[in-house]
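Me: I would like to go through this model with you one point at a time, beginning with its cysteines and then turning to its charged side chains.

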Amino acid sequence: MMTDPPRSSSGEEICPMCKREKSKHTNKEMLACSRKLQDLDKNPTGGAGID
């Protein structure tokens with residue numbers, strides 16, 4: 001079951017990767033964060049990024 005993304009005190013969605021409000025992302029940052037999320041979904045092991 002999916003949970004709702006975290007929200008800031010202003011009600012804005014928070015990016016799970018960088019912990020910033022999604023509306024404050026540039027296009028480049030949004031692309032980078034979504035790629036990181038996709039990579040994490042493909043390889044959920046590794047924890048701290050140490051393999």
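Me: How many disulfides does the count come to?
Reply: This is a predicted model, and a disulfide is taken here as a pair of cysteine sulfur atoms within 2.5 Å. The sulfur of C33 is the nearest cysteine sulfur to that of C15, yet it is 3.7 Å away, and C15 is in no disulfide. C33 likewise is in no disulfide, its nearest cysteine sulfur being that of C15. By this rule the count comes to 0 disulfides.

Me: Is C15 buried or exposed?
Reply: The cut-off for buried is under 20% relative accessible area. C15 has a relative accessibility of 3%, and therefore it counts as buried.

Me: Which residue forms a salt bridge with R20?
Reply: The structure holds 3 salt bridges, and one of them involves R20, a residue that is partly exposed at 32% relative accessibility. Its partner is also partly exposed, with a relative accessible area of 29%. The closest N and O atoms of the pair are 2.8 Å apart, which falls within the 4 Å allowed for a salt bridge, and the partner is E29.

Me: How far apart are the closest N and O atoms of E13 and K22?
Reply: E13 is partly exposed at 25% relative accessibility, and K22 is partly exposed at 29%. These two residues form a salt bridge, in which the closest N and O atoms are apart by 3.4 Å.

Terms used: Residues numbered from 1 in each chain as written. Predicted model: local features only at pLDDT ≥ 70, side-chain atom pairs only at ≥ 80, totals over all residues. Heavy atoms only, no water. Buried < 20%, exposed > 50% of the residue type's maximum accessible area, 1.4 Å probe, protein only. Salt bridge = Lys/Arg side-chain N within 4 Å of Asp/Glu carboxyl O.
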